[in-house]
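Reader: I'd like a close look at one part of this model, the aromatic pairs. Could you walk me through them and then through whatever sits around them?

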Amino acid sequence: MKLAEKICGCRKKKGLSQEALAEQLGVSRQAVSKWELGESEPDAGKLRRLADLFQVSVDWLLSEEDPVEEGPQQVKPGTAAKEAPLSPEAFPGVVGRLVRRYGWLAGLLLSLWGGFLALMGGLARFVSQRMFMGIEETFGSETLSHNPVYLVGGFLLLFGLIVLAAGVMLALFLKKKSR
């Protein structure tokens, strides 16, 4: 029994239309149709999701030795493959298409927010330092290091730079995935 026949048979046993299955997997109905006709095959992530949805193992889906009358073998509890990590392909339907197409904008917004935090932290440190410039000569250099505005500004600067870097990495990762 070929993969195409197994997908079609399992889909019908579950009472799903090609469109309903496609929406659950975050693909087009045409993709499911091509899988069932044997014109193409799902990628590894989709195979795992198909196996979980049909409650069978990926091995059973990929093997061609099983006779038709045996049907899908249930996955034993505790042996099911772990779900794929959160990725743009994990979102179903319209949301999935939006995440795959425009998800990189979330990374861009995150990096802008990080840049804003870093700017505000740097500005707080600069202003605080300028304010205490004359006082340091009178009271000593420890005054600035105990100033809460200076300390919080340093924390904001560091946190903002980390968020900025994370946002840039997320935007690049999701942009690459959208292609």
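Author: Searching the whole structure turns up two aromatic pairs. To count, rings of Phe, Tyr and Trp (its six-membered ring) need centres within 6.5 Å; planes under 30 degrees apart are called stacked, over 60 edge-to-face, and the rest tilted. Trp113 and Phe159 make an edge-to-face pair, with 6.2 Å from centre to centre and 90 degrees between the planes. That pair ties together distant parts of the chain: Trp113 belongs to helix α7 (residues 104-131) and Phe159 to helix α10 (residues 148-178), 46 residues apart. Helices here are DSSP runs (H or I, at least four residues), as strands are (E, at least two), numbered from the N terminus.

A word on ground rules: this is a predicted model, where local features need pLDDT of at least 70, side-chain atom pairs count only at pLDDT 80 or more, and totals for chains, interfaces and linings use all residues. Residues are numbered from 1 along each chain as its sequence is written, and side-chain values use heavy atoms, with hydrogens and water left out.

Back to the rings. Phe155 and Phe159 are stacked, because their planes sit at 10 degrees with the centres 6.0 Å apart. Both are in helix α10, four residues apart, which is about one turn of the helix. Put the ring pairs together and you get a cluster of Trp113, Phe155 and Phe159.

How covered are these rings? Take buried as under 20% relative accessible area, exposed as over 50%, and partly exposed as in between (1.4 Å probe, protein chains only). Trp113 comes out partly exposed at 43% relative accessible area, and Phe159 is partly exposed too, at 34%. Phe155, at 56%, is exposed.

The three rings also turn up in a nonpolar surface patch of about 1,000 Å², made by Trp113, Phe116, Leu119, Met120, Leu123, Phe126, Val127, Met131, Phe155 and Phe159. Patch residues have over 30% relative accessible area and no salt bridge; like charges are joined within 9 Å, and nonpolar side chains (Val, Leu, Ile, Met, Phe, Trp, Tyr) within 5 Å. The elements giving two or more residues are α7 and α10, and α7 gives the most, with eight. One of the patch residues, Phe126, lies in helix α7 and is partly exposed, with a relative accessible area of 49%.

Rings also meet charges in this model. Arg125 lies over the face of Tyr150, 4.0 Å from the ring centre, and Lys6 lies over the face of Trp60, at 4.4 Å. The test is NZ of Lys or CZ of Arg within 6 Å of the ring centre and within 35 degrees of the ring normal.

There's one salt bridge in the structure, where a salt bridge is a side-chain nitrogen of Lys or Arg within 4 Å of a carboxyl oxygen of Asp or Glu. The partners are Arg11 and Glu36, at 2.5 Å, N to O. Arg11 is in helix α1 (residues 3-13) and Glu36 in helix α3 (residues 29-37), 25 residues apart, another link between distant parts of the chain. Both Arg11 and Glu36 are buried.

Zooming out, the protein chain has ten helices and zero strands. Of its 179 residues, 30% are buried. The chain exposes about 11,800 Å², with carbon and sulfur atoms supplying 63% of that; the areas come from the Shrake-Rupley method with a 1.4 Å probe, and for residues only the protein chains shown count as cover.
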